[in-house]
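Here are some worked exercises to try with the model open in your viewer. Have a go at each task before you read its solution.

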Amino acid sequence: MAESRVARWWAERTPRHRFALLLGLGGIAALGQAPFALPVFTFVGLALAMLCFARTTRVWQAFWTGIALGTGYFAVALHWIVEPFLVDLARHGWMAPFALVLMAVGMSLFWGWAFALARGVGRSLWLLVVAWTGMELLRAYLFTGFPWAMPSYVLVDGMLGQGAALVGSHGMNLVMFAALALGMQVRAVSVIGAAVLIAGLWPVPQGTLIAEDAPVVRVIQPNAPQREKWDPAHMQRFFDRAILGTVAGPERPDVIVWPETSVPAPLGRAPNSMAAIASAAQGVPVVLGMNRIDGQRFFNAAVLMGRDGAVADVYDKHHLVPFGEYVPFGDLMARFGIHGMAARDGGGFSAGSGPRLIEIEGVGKALPLICYEVVFPQDVFAVEERPDLLLQITNDAWFGNFSGPFQHLQQARVRAIEMGLPLVRAANTGVSAVIDPRGRVLDFLPLNTHGHLDIALPTASAATLYSWTGDMPLMVILILLNAGLLGIAIRNRH
């Protein structure tokens, strides 16, 4: 009886009212993401959206249901996207609202197509579970991918989030969507769905294994606001803060980590800076974030300074931010005389050769991840040899002071769970942290503060199932299932 009343009420709404309601449900669902961290709102918002899907009668209605839901969700979750345009307000501020609208609507297309594909076959919620999971996986890979604000990230604080060690974050999307579908079935099986969702809220118990002889990591946070970071009047002050954190004693750590681009001059052109860092380090290896120039090409690099003060290794960031660090097809356009956007001509950064490990004496093998690279699980499990730790250096000053830095931290925590590895995170303005293999933050430096953090490195867990399989098994299954759904939808259409 209650369900029929809901169906009748929904049928009486105008398309405009339905669209507005779905926008609101999407916004509510986004409150599970950091910094709100209220996963129950995500469960409620997405579950009610599933009911709305079940009431659609046409493919185009389902499509606009997904578009409205996704637009509301991504507008709230990704509102930090306006922050980079506000750094230079006079020049770029006018672009901010367009960036948010385009990003929210662009990401919602994946949800719109998922809803439309499922409705093209039928109205079963299980069809939607398959299509939705598949489109989220596609969002993580298509056009270099952008899996930010993935629904399963809201599980990171609960026991259910530990499932990422088995099936990864995309597999947990499937589990989460399936649990919501179970909960929406008016049958006894809904108890199972409720139990799964309760597990999603149940906190992860405390207790981290740290060996007695564990290496001590020092994380440096100079706190350089983006508006001042490259201002000659302030650059020396931020560099001096990092030097003070490096030389601080009397106890010396086993490795010191500076954040992304924290050395103002490029590698090879900063002899005085490198000498000052080596002197301050007093024989301790240092991982530095700085740019590197090779001919006309620019690279965003993590530079390992050895105990002797010499450069021991260099890792170049390979997964670059489209339109932020480079312009897609810029090198191709250079062939037609348009050189300003070509990375090979200095028009943006060039990509490194790919993910690889660096050996830090006394600490072990680290997988460096520069900023945006921690967002992609495929970049983390791509190395053939298992690292001893994940090492992220980042400049989150671009992301503002509210949601962006905390969502970036949230995703780093999921990577630690997926791999069963500790993760060390050095962020320019914060949040710098050390994370254990279960995704728990052991200690951190708050946002917009400067200082340093010394902490013993947690012991890695045994290799996780996901670290062996990656996304490939789920990807194959979803490709086959979604291809089958598409074939049935086309046949039904005809």
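A cavity is a set of grid points where a 1.4 Å probe fits but cannot get out, and its lining residues have an atom within 4 Å of a point. Please keep in mind that this is a predicted model.

**Exercise 1. The second largest cavity**

Task: Find which residues line the second largest cavity, and work out which helix gives the largest share of that lining.

Solution.
- Step 1. Start with the volume: the second largest cavity holds about 60 Å³ of space.
- Step 2. Select the lining, which is made up of S152, L155, V156, G161, A164, S169, M172, V414 and I417.
- Step 3. Sort these residues by class: 6 are nonpolar and 3 polar, with no charged residues.
- Step 4. Assign them to helices. Both α9 (164–184) and α16 (404–419) supply at least two lining residues each, and the largest share, 3 residues, belongs to α9.

**Exercise 2. The largest cavity**

Task: Describe the largest cavity by its volume, its lining and the classes of its lining residues.

Solution.
- Step 1. Count first: there are 2 cavities of 30 Å³ or more in the structure.
- Step 2. The volume of the largest one is about 90 Å³.
- Step 3. Around this cavity you will find P222, A224, K229, M235, F238, F239, T261, S262, V263, P264 and N428.
- Step 4. Helix α12 (residues 232–247) brings 3 residues, the largest share of the lining.
- Step 5. By class, the lining has 7 nonpolar residues, 3 polar and 1 charged.

**Exercise 3. A helix and the nonpolar core**

Task: Check the length of helix α3 against its expected span, then follow L46 to its contacts.

Solution.
- Step 1. Helix α3 covers residues 39–54, and its 16 residues should span 22 Å at 1.5 Å a residue. The C-alpha atoms at its ends are 23 Å apart, so the span agrees with the expectation.
- Step 2. Colour by burial, with under 20% relative accessible area as the cut-off. Among the buried residues of α3 are F43, L46, A47, M50 and F53.
- Step 3. Turn to the largest nonpolar core, which has 109 residues; L46, M50 and W132 touch the most other members.
- Step 4. Beyond its neighbours within four places in sequence, L46 contacts A29, L69, W111, W132, P151, M176, F177 and L180.
- Step 5. Look also for a second, separate core of 19 residues, whose members include I277, A281, V286 and A301.
- Step 6. For background, nonpolar side chains tend to be buried together in soluble globular proteins.

**Exercise 4. Helix α16 and what follows**

Task: How many residues of α16 are buried, and what is the sign of phi in the residue that follows this helix?

Solution.
- Step 1. Repeat the span check: the 16 residues of α16 should span 22 Å, and the end C-alpha atoms are 23 Å apart, so the two agree.
- Step 2. Of the 16 residues of α16, 15 are buried, which leaves the helix mostly covered.
- Step 3. The residue after α16 is G420, with a positive phi near 65°.

**Exercise 5. Backbone exceptions**

Task: Locate the cis peptide bond before P250 and the one before V431, then examine phi at T261 and N448.

Solution.
- Step 1. Recall the usual case: most residues other than glycine have a negative phi, and most peptide bonds are trans.
- Step 2. G249 and P250 are joined by a cis peptide bond with omega about 10°. P250 sits in the loop between α12 and β2 (255–257).
- Step 3. G430 and V431 are also joined in cis, with omega about 5°. V431 is in the loop between β9 (423–427) and β10 (432–435).
- Step 4. T261 is not a glycine, yet its phi is positive, about 45°. T261 belongs to the loop between β2 and α13 (271–281), and with a relative accessible area of 10% it is buried.
- Step 5. N448, not a glycine either, has a positive phi of about 65°. Its loop runs between β11 (441–445) and β12 (451–456), and N448 counts as partly exposed at 37% relative accessibility.

Methods. Residues are numbered from 1 along each chain as its sequence is written. This is a predicted model: local features need pLDDT of at least 70, side-chain atom pairs count only at pLDDT 80 or more; totals for chains, interfaces and linings use all residues. Side-chain values use heavy atoms; hydrogens and water are left out. Helices (H or I, at least four residues) and strands (E, at least two) are DSSP runs, numbered from the N terminus. The expected span of a helix is 1.5 Å times one less than its number of residues. Buried means under 20% relative accessible area, exposed over 50%, partly exposed in between (1.4 Å probe, protein chains only). A nonpolar core is a set of buried Ala, Val, Leu, Ile, Met, Phe, Trp, Tyr and Cys residues joined through side-chain atoms within 4.5 Å. Contact means heavy atoms within 4.5 Å. On a 1 Å grid over the protein atoms alone, a cavity is a set of points where a 1.4 Å probe fits but cannot get out, and a pocket is an open set with protein on both sides within 12 Å along at least five of seven lines; lining residues have an atom within 4 Å of a point. Grid points are joined across faces, edges and corners, and a volume is the space filled by probe spheres set on the points. Ala, Val, Leu, Ile, Met, Phe, Trp, Tyr, Cys and Pro count as nonpolar, Asp, Glu, Lys and Arg as charged, and the others, Gly among them, as polar.
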